[in-house]
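Welcome! Please take a moment with the sequence and the structure shown here, and then read on.

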Amino acid sequence: MVTPLDALPKIGAPATRALTEAGYGSLRKLAGVPQTDLASLHGMGPKALRLIAQALEEHGLALG
């Protein structure tokens, strides 16, 4: 069964591509990753970072 932690949140195509290419194919893999690391990815903007942080928080997780 696929859970919300097994997918990426709806953050837009450029940000989704950036995460996938960097090896972050699920929300679970983003837990503990420093926000500065994600912000440096091409296609990752402030809105996507905020949505990721919110999605992680809903599951008791956070960025590093």
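What follows is a short walk from the overall fold to the core and then to one pair of charged side chains.

This is a predicted model, in which local features need pLDDT of at least 70 and side-chain atom pairs count only at pLDDT 80 or more, while totals for chains, interfaces and linings use all residues. Residues are numbered from 1 along each chain as its sequence is written, and side-chain values use heavy atoms, leaving out hydrogens and water.

Let's begin with the fold. The protein chain has 4 helices and 0 strands; these are DSSP runs (H or I, at least four residues, for helices; E, at least two, for strands), numbered from the N terminus. Buried residues account for 31% of the 64 residues in the protein chain, where buried means under 20% relative accessible area, exposed over 50% and partly exposed in between (1.4 Å probe, protein chains only).

Now look inside. The largest nonpolar core (buried Ala, Val, Leu, Ile, Met, Phe, Trp, Tyr and Cys residues joined through side-chain atoms within 4.5 Å) has 18 residues, and L19, L27, L30, L38, M44 and I52 touch the most other members. Helix α4 (46–57) gives at least two residues to this core, as do α1 and α2, and the largest share, 5 residues, comes from α4.

Finally, find the 1 salt bridge of the whole structure, meaning a side-chain nitrogen of Lys or Arg within 4 Å of a carboxyl oxygen of Asp or Glu. R28 and D6 form this pair, at 2.9 Å from N to O. R28 lies in α2 (residues 27–30) and D6 in the segment before α1 (13–21), so the bridge ties together parts 22 residues apart in sequence. R28 is partly exposed, at 45% relative accessible area, and D6 is partly exposed too, at 34%.
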